[in-house]
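Visitor: I should like to take a close look at a single part of this model, namely its internal cavities. Please describe what encloses them, and then place them beside some of the regular elements.

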Amino acid sequence: MGKARLQPFDMADVTLGEGPFLAAQRRTEAYLLKLQPDRMLHNFRVNAGLRPKAPVYGGWESEAMWADINCHGHTLGHYLSACALAFRATGDRRYRQRIDHIAGELAACQAAAGSGLVCAFPKGAAVIASHLRGEPITGVPWYTLHKIYAGLRDAVLLADSATSRAVLLRLADWGVAACRPLSDAAFETMLETEHGGMNEVYADLYAMTGNAEYRTLAERFSHKAVLLPLARGQDHLDGLHANTQVPKIVGFQRVHDATGDARYHDAAAFFWRTVVQTRSYATGGHGDAEYFFAVAAARDHVFSAKGSETCGQHNMLKLTRALFLQDPRVDYADYYERTLYNGILASQDPDSGMATYFQGARPGYMKLYHTPERSFWCCTGTGMENHVKYRDSIYFHDDAALYVNLFIPSAVRWRAKDAVLTQVTTFPEQPTTTLRWGLERPTDATLKLRHPGWSRDAIVSVNGVEVTRSTLPGRYIDLTRTWQDGDRVELRLTMAVAAEPLPAEPEIVAFTYGPLVLAGALGREGLVPGADIIVNERRYGDYNNAPFSVPRLAGDPDLLAQRIRPTDRPLEFTVASVEGTPIRLIPYHRIAHERYATYWDVASPDT
């Protein structure tokens, strides 16, 4: 099997301090506790022949406009995952109570239907039965079922829910039996339809139980038409639906962990490299209207209102984390940080706690957020998860070393060492962080501090005395010593404004400050308050689309970056436009309820 070099810390052993990430978590917690599980369970009970206990939610969950996509019930799966993450993060028993209630209801549905399958599709089990027979269908039933599997898995692993485990195993065994009659060719044909991370959950089930049938099904659910070219280092992604692929690739890495077959890891690692290095925006997002496009055609796509689907960023971070555990490289951690700020933190409405679908770079457009009860997009579901799991990737460890990957106010308990490491920082407002050891006794350990690629140097002090100075970004700085209780480590980095060109388009640039993308904050002219809370994600680009004159920048990108000046406010900058008026630049994750621009075509306005 593929053995991970590092281990994550249990989220229950990590505490978040005050800051933007904890604030985002609290907003999502409030939303989770307002949602009513029985409304999400409505169609599950109907399909099992049971009377529903509450009216169904709207949007993707019930309304006719979205019936053909067969995503009914996906929200419940995401909600289970989010409650499990929130329970693990906070210990709040209300999340565990909701998990057990949902699991109990799903168990009742299984009993009433006499089947391990639980679903909320309008035609019940018929759509998945047709899919298994190879008949034409609409929508993505396996994608939707994957969310149920994943939610139950998370309820087991993070909340130790025995009822969830029983429901999950019965559902898993149904899947094994349902798929067994398919030939390999028929299975591959079925996998041409989006199916989420079904290979991932069956690999996880194998790890949880040792049942070899689950491992076999994980391999069968690994789409060979995508796997084999990637394993050979071939990029055939042009024109493919992006977030159909990313969960498969997460699953490839998990199947590698389960089987040791190098092809699965090779495919996952190559996919990550090609997407991050050649197909990603400065924010860490990718795609246009959910699809990968040819790199050479970037100019035709970058200014779309439908770029950077938030689900795609969510899943790219899952992949990045999985790869990092096996191969702890700084470029993985750098991408994680970049996308966490500019994709995930940036996706949440700081007032309502709702989330974006796309985060496109159409100049002068704005972020659009879902409604609390009528939207339930895919990105509503991943949005429920994103903001209650921030503590899962700040720190990692092996037997001897503790890795500090993210500069977030927090503390971690390293139980094997009877140690607590507390991080105090105002990053990114200041590029420094301080770590203090709390120890029961003198302890031998290595502290590995990330020297990110965006900082030209890094200075480390221990107890006020400089001990090392790094001028090699993109590596870990190792501090190996016998630590004493109260030892204090300070890491000082350098943040500078830089121009980052779009791959294959050197005259289309974003501006960054350390890991932060700086967006032009273009105000609210022509916008009606509340018009950025929407129901229909298909109309991205149509909402709030009145004509708007966007200021321009022109000239050499690096010289433009040098002209960007800080104001007297933290993380705020200005630069003069071609028109002579100042453009206010702030971190993209702080943009909300106003027009913005993240990319600038800086070719001469006369050409």
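**Hairpin, cavities and a buried helix**

Guide: In this predicted model, β10 and β11 form a hairpin with 2 residues between them, and Asn 463 in the turn has a positive phi of about 50°. The two strands, β10 at residues 458-462 and β11 at residues 465-470, run antiparallel and pair over 5 bridges. Within this ladder, Ser 461 has Glu 466 of β11 as its bridge partner.

Turning to the cavities, a search of the whole structure yields 8 of 30 Å³ or more. The largest has a volume of about 100 Å³. Its lining includes Thr 278, Arg 279, Ser 280 and Tyr 281, together with Phe 292, Phe 293, Leu 502 and Pro 503. By class, 7 of the lining residues are nonpolar, 3 are polar and 1 is charged.

The second largest cavity holds about 80 Å³ of space. Tyr 281 is listed in the lining of the largest cavity and also in that of the second largest. Among the other residues lining the second largest cavity are Thr 283, Val 302, Gln 359, Tyr 588, Tyr 596 and Tyr 599. This lining divides into 6 nonpolar and 6 polar residues, with no charged residue.

A further element is helix α16, which comprises the 15 residues 330-344. From first C-alpha to last, α16 reaches 20 Å, close to the 21 Å expected at 1.5 Å a residue. Of its 15 residues, 14 are buried, so α16 is largely enclosed by the rest of the structure.

Key. Residues are numbered from 1 along each chain as its sequence is written. This is a predicted model: local features need pLDDT of at least 70, side-chain atom pairs count only at pLDDT 80 or more; totals for chains, interfaces and linings use all residues. Side-chain values use heavy atoms; hydrogens and water are left out. Two strands pair if DSSP finds at least two bridges between them. Helices (H or I, at least four residues) and strands (E, at least two) are DSSP runs, numbered from the N terminus. The expected span of a helix is 1.5 Å times one less than its number of residues. Buried means under 20% relative accessible area, exposed over 50%, partly exposed in between (1.4 Å probe, protein chains only). On a 1 Å grid over the protein atoms alone, a cavity is a set of points where a 1.4 Å probe fits but cannot get out, and a pocket is an open set with protein on both sides within 12 Å along at least five of seven lines; lining residues have an atom within 4 Å of a point. Grid points are joined across faces, edges and corners, and a volume is the space filled by probe spheres set on the points. Ala, Val, Leu, Ile, Met, Phe, Trp, Tyr, Cys and Pro count as nonpolar, Asp, Glu, Lys and Arg as charged, and the others, Gly among them, as polar.
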